[in-house]
Amino acid sequence: MKADIVINGATLVTDSAQFQASIAIKDGAILSIGAAESMPEAAEVVDARGKYILPGAIDAHVHFRDPGYTHKETWETGTASAAMGGVTTVFEMPNTNPPTGTVEALNLKLKSAEQAYVDFGIYGLLGEDNLTELEALIEGGVAGFKCFMGNTFGNLPSPPTGAILEGFEIVAKHGYRIALHAENASIMARRSKKLREAGRCDPLAHLDARPPVVATEAVSRAAILAEWTGARIHILHVSSGDELRPLREAKARGVDITAETCPHYLLLDERAYTEKKSLIRVNPPVREKTHQDQLWRAVQDGTIDMIATDHAPHSHEEKHRDDIWTTDCGFTGVQTQMPLMLTQVGAGRLSLTDYVRMTSLAPAKAFGLYPRKGALLPGSDADLVIIDMERETQVDSAKLKSKGSSTPFHGHAAKGAPVHTLVRGRFVMRDGALVTEAKGHGRNVRRIQQMPTPKPRNVETTTAAIVKKNRK
């Protein structure tokens, strides 16, 4: 059998091993892995001597702003940035305009996503006002749900706990994972109001308005609701050491809970508010170094399952303002994650196998894509990134493909970078350059998604069940 591509000379990296081997690709999938002399004839042979082949990164947390905010980002620019950053699959958030809370809104987003360079999943919104739409969104093709327990860009109302419980009950029946912006909206609203009344509009006011307790309380509450209903949940952007206790306790109780953190929480601390000013505003906030140290330990011991980016671009003007309360929250990240984290691999803070586990294997398993994605196995999608661990670069916002290219990492030196990215066997980035002809190659992962069998609990006390009861 003739292969489409054979890649020779690289070191392959999985979540548990590194080994020298060649890899053959045919019809978008990995055909075989083995010695160079055992590879089939191929239409193209790629020499990757001295390089490493990793499963492409799966970023479970991006905002591509389309539809509704295309001056900030589009599916074309966002997925181009992903391809340049070695990311082969993204999961995109629902706080667009309109929010992805109805099938009609989902179809608008799916139309926009036809520009994608990389594969994608789309989160449906779980809010108080669209609970009757959740099952239709599943039918329509969402890969999971997002619930905003705390406010962020788009100002979508945070559902009360009763609505969150009911939403968990509905989704638990189908087994899809619910991603949570886990912050307590009430505490933050009260503190923000007090700070504004006191005249605080400096960058650190944002940090003061969102103390770790807002996240700790929300993680604890979400875990209890998930435990009661059997819902599968994912805690987004863990920013504090305080969240780790309820996270660990929930895992110990058997709650199906996963968690992510982001490079900005691992690599930046409170000094960024002086150095970067309003650019650093993000939800949850970058915190004091003591939290950073605890997050690194949680990465190393496996408490935190994934590294994602919360890629959230805005225009330059929206990110650079004197009043922190009028500055939009978030910044670009999908293109810079890999070089920043490979630099930490080189510094000994985690291994390449740890990196693969956190950026490929864990998200693939959590969202029902393994072993089609997140693995180097015969039959897996040929989603590959070829990296050069010796390549030295510097983060330059002018070279990022994202429309909203403002980044607090501008000027940071990095060692280790992706040089080629393949999605289902097709180059989308080659020799450090975007393959523009690959626009539109991306596909919705729902076509291959296979979540484990749902395990709903306490079904006799769900909202739907008690409404049907006849206690006469």
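**Helix packing, cavities and unusual backbone**

Helix H7 passes helix H8 in a right-handed crossing. The model is predicted, and this pair of helices is a good place to enter it.

Two packed helices are described by the angle between their axes and the distance between the axes. For H7 and H8 (residues 244–252), the angle is about 15 degrees and the axes lie 8 Å apart. An angle under 35 degrees counts as roughly parallel. H7 and H8 are therefore roughly parallel to each other. Which residues make the contact between H7 and H8? H7 brings Thr216, Val219, Ser220 and Ala223. H8 answers with Pro246, Leu247 and Ala250. By class, the residues of this contact are five nonpolar, two polar and no charged.

H7 also packs against a second partner. Helix H4 (residues 161–172) meets H7 (residues 212–229) at an angle of about 40 degrees, with the two axes 9 Å apart. That angle makes H4 oblique to H7. The crossing of H4 with H7 is right-handed. From H4, the contact takes in Thr161, Ile164, Leu165, Phe168, Glu169 and Ala172. From H7, it takes in Arg221, Ala222, Leu225, Ala226, Trp228 and Thr229. The residues of this contact comprise eight nonpolar, two polar and two charged. Charged residues thus appear by class in the contact of H4 with H7, while the contact of H7 with H8 has none.

Now move along the chain to H13 and H14. Their axes come within 10 Å and cross at roughly 145 degrees. H13 passes H14 in a right-handed crossing. Gln337, Met338, Met341, Leu342 and Val345 of H13 touch Leu352, Tyr355 and Thr359 of H14. How do these residues divide by class? Six are nonpolar, two are polar and none is charged.

H13 leads on to the cavities. A search of the whole structure finds three of 30 Å³ or more. The second largest has a volume of about 50 Å³. Its lining consists of Pro263, His264, Thr309, Phe331, Thr332, Gly333, Thr336, Gln337, Leu340 and Phe409. Helix H9 (263–267) and helix H13 (337–346) each supply at least two of these residues. Gln337 does double duty in the model: it lines this cavity and belongs to the contact of H13 with H14. The lining of the second largest cavity has four nonpolar, six polar and no charged residues.

The largest cavity holds about 110 Å³ of space. It is lined by 16 residues, and the closest to its centre are His63, Thr152, Asn283, Asp310 and Ala312. What is the make-up of the whole lining by class? Five residues are nonpolar, eight are polar and three are charged. So far as class goes, charged residues feature in the lining of the largest cavity, and are absent from that of the second largest.

Asp310 deserves a second look. Most residues other than glycine have a negative phi, and most peptide bonds are trans. The phi of Asp310 is positive, near 55 degrees. Aspartate 310 sits in the loop between strand E15 (306–307) and helix H12 (316–319). This loop residue is one of those closest to the centre of the largest cavity.

The peptide bonds hold exceptions too. Where are the cis bonds described here? One runs from aspartate 66 to proline 67, with omega near 15 degrees. Proline 67 lies in the loop between strand E8 (57–62) and helix H1 (75–84). Another runs from tyrosine 370 to proline 371, with omega near 5 degrees. Proline 371 is in the loop between helix H14 (352–366) and strand E16 (384–394). That brings the tour back to H14, the helix that H13 passes in a right-handed crossing.

Methods:
Residues are numbered from 1 along each chain as its sequence is written. This is a predicted model: local features need pLDDT of at least 70, side-chain atom pairs count only at pLDDT 80 or more; totals for chains, interfaces and linings use all residues. Side-chain values use heavy atoms; hydrogens and water are left out. On a 1 Å grid over the protein atoms alone, a cavity is a set of points where a 1.4 Å probe fits but cannot get out, and a pocket is an open set with protein on both sides within 12 Å along at least five of seven lines; lining residues have an atom within 4 Å of a point. Grid points are joined across faces, edges and corners, and a volume is the space filled by probe spheres set on the points. Ala, Val, Leu, Ile, Met, Phe, Trp, Tyr, Cys and Pro count as nonpolar, Asp, Glu, Lys and Arg as charged, and the others, Gly among them, as polar. Helices (H or I, at least four residues) and strands (E, at least two) are DSSP runs, numbered from the N terminus. Axes are lines fitted to C-alpha atoms, for helices over the stretch in contact, and angles run from 0 to 180 degrees between N-to-C directions. Angles under 35 degrees count as roughly parallel, over 145 as roughly antiparallel, 65 to 115 as roughly perpendicular and the rest as oblique. A crossing is left-handed if the near helix is turned anticlockwise from the far one by less than a right angle, and right-handed if clockwise. Contact means heavy atoms within 4.5 Å.
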